[in-house]
Amino acid sequence: MEGKKMLNNLGNSIMAGGTSKAYDATVKGILADKQILAWIIKYSTSEFAGMEISEIIPCIDEPSVASIAVYPGQTNEAITGLPQESKIPGEGVVYYDVRFFAVVPATRERRGVRIIVDVEAQNDPTPGYNLVNRGIFYGGRMLSEQMGRNISGEDYSNLEKVYSIWLCFNCSRKTANTITSYHIEQNQIYGECADDSFCDFLRVVMLRIPKNGNLEKCENTPSPIHRLLYELFVRKNDSKEKLRVMKEEFGLRTESFEKEVNVMCNLSVGIWQEAEAIGEARGEARGEARGEARGEARGEARGEARGRETREKEILEAMTRKLQSEYPEMSSEEALAKAKSYIYPMP
């Protein structure tokens, strides 16, 4: 086993689930940066709309990323420190993408409160069902799981407001560059009643981002948050340019998510699919040949292990080529070392 390297979370995602899983995990890691979350809730919530980004960041608790199951009976704990995986036999498991507490500071007009925010990244804005319905379900789950944490017995006075915010990418020119909020409000059906009960405990927000090349071609003018998310996740450019735009145009401290942006840009579909296909084909061929020739389980296992090694090698080579194309001044040795740093743990 000497010389065998362990993979980090990204490397394991690549080997277990391929490019798509690794890319999704990287995007969620970037979204979990408090600076990005501050921008999102400034433009998606009424509580933070009037605050500066620098004032919002300290209000955000440590986010939990893709580790919280939605189905009833599976989570009834504080948001921080939930288990990574939870399953119900025979049923699928749904996880929130990024979820966190945000404390709204007290002012002369209102008392300080804490809200729960879930941010979901949705690549397909028309998945065959109404996304708003899904957002309502997620929000309802965040309300019900407060039983035993904020709600004791029959006392619901400590119920905390929840937001389910959906970042919908690849939207049409007609719907993109819009933000729509769906919420509960009082409606007096008959007679007059001086009832000022607060009922705005659940909001679903749809933030719609256009396809690449369409930012300025939509029927609606993009807001600053549309521009930020478009430049960061949609526009086809290299990591250096993305980081420059985030720093110079949006004032972000990019050191906190620089590695993730580099990885995201290096997960280009064409190169990675090619590398994975080559690695898988070679691994399967070797595994089958060895297993059939020897007729032993250990032969297949060795073949699969070698196939995995081949796949890792192909992916590293693809990443190295990609890095050298983006950074011409980087030597092949430096590019390879950089690629390894993405998928292997730091020493």
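Contact here means heavy atoms within 4.5 Å. Keep that cut-off handy for the exercises below, which all use a predicted model.

**Exercise 1: helix α4 and its surroundings**

Work out which strands the buried residues of helix α4 pack against, after checking the helix's length and its buried positions.

*Solution.* Start with the geometry. Helix α4 covers residues 131–144, so it has 14 residues, and the expected span is 1.5 Å times one less than that number. The model gives 20 Å from the first C-alpha to the last, close to the 20 Å expected.

Next, pick out the buried positions, using under 20% relative accessible area as the cut-off. In α4 these are L131, V132, G135, Y138, G139, R141, M142 and L143.

Finally, look at what those residues touch. The buried residues of α4 pack against β2, β3 (113–122), β4 (162–171), β5 (178–183) and β6 (202–210). For context, the whole protein has ten helices and six strands.

**Exercise 2: V98 in strand β2**

Stay with β2 and decide whether V98 is buried or exposed, then find its contacts beyond the local sequence.

*Solution.* First, place the residue: V98 sits in strand β2, which runs over residues 95–104. Its relative accessibility is 0%, so V98 counts as buried.

Now set aside the neighbours within four places in sequence. V98 is then in contact with K28, L31, A32, L37, P63, S64, V65, V117, D118 and V119. Take P63 from that list. P63 and V98 are 35 residues apart in sequence, yet their C-alpha atoms are 6.3 Å apart in space.

How does that fit the whole chain? Among contacts between residues at least 6 apart in sequence, 63% join residues at least 24 apart. Buried residues, V98 being one of them, make up 46% of the 347 residues.

**Exercise 3: two helix pairs**

Describe how α6 packs on α7 and how α2 packs on α5, giving angle, handedness and contact residues.

*Solution.* Take α6 (residues 239–248) and α7 (residues 258–266) to begin with. Their axes are 9 Å apart and the packing angle is about 140°. That angle makes α6 oblique to α7. The crossing is right-handed. On the α6 side, the contact uses S239, K242 and L243, while α7 brings E258, V261, N262, M264 and C265. Sort these by class and you get four nonpolar, two polar and two charged residues.

Now do the pair α2 (residues 34–44) and α5 (residues 224–234). Here the axes come within 9 Å and cross at roughly 145°. The crossing of α2 and α5 is left-handed. I36, W39, I40 and Y43 of α2 meet P224, I225, L228 and L232 of α5. The class count for this contact is eight nonpolar, no polar and no charged.

One last step for α5: check how covered the helix is. Nine of its eleven residues are buried, namely I225, H226, L228, L229, Y230, E231, L232, F233 and V234.

**Exercise 4: two asparagines with positive phi**

Locate N170 and N177, give their phi values, and say which class of accessibility each falls into.

*Solution.* Begin with the background: most residues other than glycine have a negative phi.

N170 has a positive phi of about 65° although it isn't a glycine. N170 belongs to strand β4. With 30% relative accessibility, N170 counts as partly exposed.

For N177, phi is also positive, near 65°. N177 lies in the loop between β4 and β5. At 5% relative accessibility, N177 counts as buried.

**Exercise 5: I184 and T320**

Compare the settings of I184 and T320 by element, accessibility and contacts.

*Solution.* I184 is in the loop between β5 and β6. At 44% relative accessibility, I184 counts as partly exposed. Not counting residues up to four places away in sequence, I184 touches C199, D200 and L202. As for F198, it is 14 residues from I184 in sequence and 9.7 Å away, C-alpha to C-alpha.

T320 is part of helix α9, which spans residues 297–326. Its 9% relative accessibility is why T320 counts as buried. Leaving aside neighbours within four places in sequence, T320 is in contact with S332, A335, L336 and A339.

Note on methods
Residues are numbered from 1 along each chain as its sequence is written. This is a predicted model: local features need pLDDT of at least 70, side-chain atom pairs count only at pLDDT 80 or more; totals for chains, interfaces and linings use all residues. Side-chain values use heavy atoms; hydrogens and water are left out. Axes are lines fitted to C-alpha atoms, for helices over the stretch in contact, and angles run from 0 to 180 degrees between N-to-C directions. Helices (H or I, at least four residues) and strands (E, at least two) are DSSP runs, numbered from the N terminus. Angles under 35 degrees count as roughly parallel, over 145 as roughly antiparallel, 65 to 115 as roughly perpendicular and the rest as oblique. A crossing is left-handed if the near helix is turned anticlockwise from the far one by less than a right angle, and right-handed if clockwise. Ala, Val, Leu, Ile, Met, Phe, Trp, Tyr, Cys and Pro count as nonpolar, Asp, Glu, Lys and Arg as charged, and the others, Gly among them, as polar. Buried means under 20% relative accessible area, exposed over 50%, partly exposed in between (1.4 Å probe, protein chains only).
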